[in-house]
Amino acid sequence: MRVLIIEDEAQAAQHLERLLTLLAPNLLVLDKLDTVKRSVQWLKNNKAPDVIFMDIQLADGISFSIFEQTDVKVPVIFTTAYDAYALKAFKVNSVDYILKPVDKAELGACS
Amino acid sequence: MANKHLMIVIKYLKDNARVIVICIMGGSLMPLVYCRSCLHELDNYIFIALYSMCIWLSMWLGNDALHHGLDRFLPWTQRPVARLFASIAAMLVYTISVILFLVWIFETVSSYRLGDIRQTVLSTVIVTTIITMIMTSRSFFLNWRQMAINAEKFEREGIEAKYDALRNQVNPHFLFNSLNALTNLVYEDQGKAVTFIKQLSDVYRYVLDTREKEVVSIDDELRFLKAYLFLQQIRFGDNLKIDMELSDAQGQVAPLSLQMLVENCIKHNVVSTDDPLRIHIFREDECIIVENRVNRKITNAEGSSGLGLDNIRNRYKFLSNVPVEVSDRDGKFIVKLPILKSNESIDH
């Protein structure tokens with residue numbers, strides 16, 4: 001499985017990556033991106049991943065603007081530290097959302 | 001030019017119309033009180049009446065002007081005793097010299113004698129003193145009431161700031177983001193994780209400890225700021241760069257003010273690998289300057305009340321004569337926070 005992580009805090013991205021590799025050893029994290037700008041660029045220039053883990057607050061804005069600028073066809077799992085945006089997340093491609101700090105059991109349940 | 005002066009005179013007369021009418025009426029009745037004989041001699045009546053009018057007018061308007069002048073340079077609320085003596089001295093000097101002058105004029109242009117000058121001076125001084133006392137107590141009361149209102153306002157601003165800071169710190173984002181960063185840190189670097197927990201508790205403790213304070217020493221605020229920045233730097237890594245040159249700054253600041261300014265920078269600007277946020281904190285003369293290059297986030301959803309800066313500005317209105325300066329020009333956002341001297345803090 002090819003996974004893209006969009007998350008502005010290095011610590012959180014690292015934690016998510018570690019848990020993912022722990023749960024699915026053959027999973028491949030393609031990239032870790034921290035801004036809306038980079039994500040839009042990445043999605044335009046690369047083959048779509050199988051799933052995207054996406055934080056809601058990014059370094060240069062909120063991640064929903066990525067959907068306004070590109071056509072994301074793949075399932076998205078939102079990760080957020082605070083669930084104020086969870087409901088809005090379901091309007092886009094989201095299949096699930098998880099609350100940070102990410103829990104192994106919860107992450108396992110997603111797959 | 002002459003026109004302009006005329007306008008000023010007209011405005012002055014208009015503003016004081018009531019006083020002038022009262023003085024003219026009062027003055028024209030005065031001969032009835034102390035010059036019975038004048039009733040039979042119209043010339044004398046007019047003369048005494050004019051003289052009384054002049055005294056009434058000059059005493060009323062002159063003392064009023066003195067009073068306002070002193071209010072500006074030596075308000076009651078700052079040095080009440082000095083003001084009391086200044087008021088008495090100014091009133092005596094003014095009253096006596098005006099009476100001597102008026103008596104001299106009136107006795108020069110006519111043959112009429114105005115009697116014992118000492119008596120005139122004494123009675124005028126007594127009347128003026130009584131009126132001045134009434135006016136003074138009125139202005140003292142008004143000043144005092146304004147002072148009470150200001151104190152109340154200041155207290156409210158302070159409470160709001162503390163509430164804001166507390167809410168921001170206890171703000172779910174701050175807490176969850178901190179805990180989130182901590183999760184990874186526990187795996188990565190346990191020593192750092194312990195420091196993180198320690199700094200997080202220091203931040204909360206400082207917010208709670210300063211709830212009762214109006215000012216804090218720069219040292220204390222910096223220690224708190226460093227704890228706060230440590231937490232933020234764990235979150236943002238090299239994307240957040242702080243240049244701080246404040247080691248020699250003495251004096252005081254409003255609690256949480258520096259942290260609020262830094263938090264504002266982080267909240268409103270991009271903090272990413274491509275565009276790191278650099279915040280420069282340094283001292284310039286009697287100010288602490290917080291400066292950053294503006295690179296605004298597209299959306300700002302972290303729940304900014306937009307009142308942080310206003311709040312700091314309003315709190316400083318009561319703490320210092322120097323206002324907090326904010327400028328947003330040429331791609332730079334700069335806030336100048338005046339350093340408070342220990343004795344300057346609360347003297348309203």
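Where in chain B is Asp285(B) found? Hello everyone, let's start right there. Asp285(B) sits in the loop that runs between strand S4 (277-284) and strand S5 (287-293) of chain B. Please keep in mind that we are looking at a predicted model.

What caught my eye at Asp285(B) is the backbone: phi is near 50 degrees, a positive value in a residue other than glycine. As a reminder, most residues other than glycine have a negative phi. Asp285(B) also counts as exposed, with a relative accessibility of 64%.

Chain B offers another example. Leu256(B) has a phi near 70 degrees, again a positive value in a residue that is not glycine. Is Leu256(B) buried or exposed? Its relative accessible area is 2%, under the 20% cut-off, so Leu256(B) is buried. You will find Leu256(B) in the loop between strand S3 (252-253) and H9 of chain B.

That loop brings us nicely to H9 itself. Helix H9 of chain B covers residues 257-268, and it packs with helix H8, residues 218-236 of the chain, at an angle of about 20 degrees. The two axes are 9 Å apart. Angles under 35 degrees count as roughly parallel, and H8(B) and H9(B) are therefore roughly parallel to each other. As for handedness, H8(B) passes H9(B) in a right-handed crossing.

Which residues meet there? From H8(B) we have Glu221(B), Leu222(B), Phe224(B), Leu225(B), Tyr228(B), Leu229(B), Gln232(B) and Phe236(B). Across from them, H9(B) brings Ser257(B), Leu258(B), Gln259(B), Val262(B), Glu263(B) and Ile266(B). Sorted by character, the residues of this contact between H8(B) and H9(B) are nine nonpolar, three polar and two charged.

Now, on to the aromatic rings. How many aromatic pairs are there over all chains? The count comes to eight, and I'd like to show you a couple of them.

Let's take Phe64(A) and Phe78(A) to begin with. Their rings form a tilted pair, 5.6 Å centre to centre, with 55 degrees between the planes. Phe64(A) lies in helix H3 (residues 64-69) of chain A and Phe78(A) in strand S6 (residues 76-80) of chain A, so this pair ties together parts that are 14 residues apart in sequence. Both partners are tucked away: Phe64(A) is buried at a relative accessible area of 6%, and Phe78(A) is buried at 0%.

For the next pair we go back to chain B, where Phe101(B) and Trp104(B) are tilted too, 6.4 Å centre to centre and 35 degrees between the planes. Here the partners are three residues apart in helix H4 (residues 80-109) of chain B, so about one helical turn separates them. Phe101(B) counts as partly exposed, at 48% relative accessibility. Trp104(B) is exposed, with a relative accessible area of 55%.

Returning to chain A, Phe64(A) and Phe78(A) also belong to one aromatic cluster together with Phe67(A).

I'll finish on strand S6 of chain A, which holds Thr80(A) as well. Thr80(A) counts as buried, at 6% relative accessibility. And what is Thr80(A) in contact with, leaving aside its neighbours within four places in sequence? The partners are Asp55(A), Ile56(A), Ile98(A), Leu99(A) and Lys100(A).

Thanks for listening, and I'm happy to go back to any of these views.

Notes: Residues are numbered from 1 along each chain as its sequence is written. Chains are lettered from A and ligands numbered from 1 in the order in which they are written. This is a predicted model: local features need pLDDT of at least 70, side-chain atom pairs count only at pLDDT 80 or more; totals for chains, interfaces and linings use all residues. Side-chain values use heavy atoms; hydrogens and water are left out. Axes are lines fitted to C-alpha atoms, for helices over the stretch in contact, and angles run from 0 to 180 degrees between N-to-C directions. Helices (H or I, at least four residues) and strands (E, at least two) are DSSP runs, numbered from the N terminus. Angles under 35 degrees count as roughly parallel, over 145 as roughly antiparallel, 65 to 115 as roughly perpendicular and the rest as oblique. A crossing is left-handed if the near helix is turned anticlockwise from the far one by less than a right angle, and right-handed if clockwise. Contact means heavy atoms within 4.5 Å. Ala, Val, Leu, Ile, Met, Phe, Trp, Tyr, Cys and Pro count as nonpolar, Asp, Glu, Lys and Arg as charged, and the others, Gly among them, as polar. Rings of Phe, Tyr and Trp (its six-membered ring) pair if their centres lie within 6.5 Å; planes under 30 degrees apart count as stacked, over 60 as edge-to-face and the rest as tilted. Buried means under 20% relative accessible area, exposed over 50%, partly exposed in between (1.4 Å probe, protein chains only).
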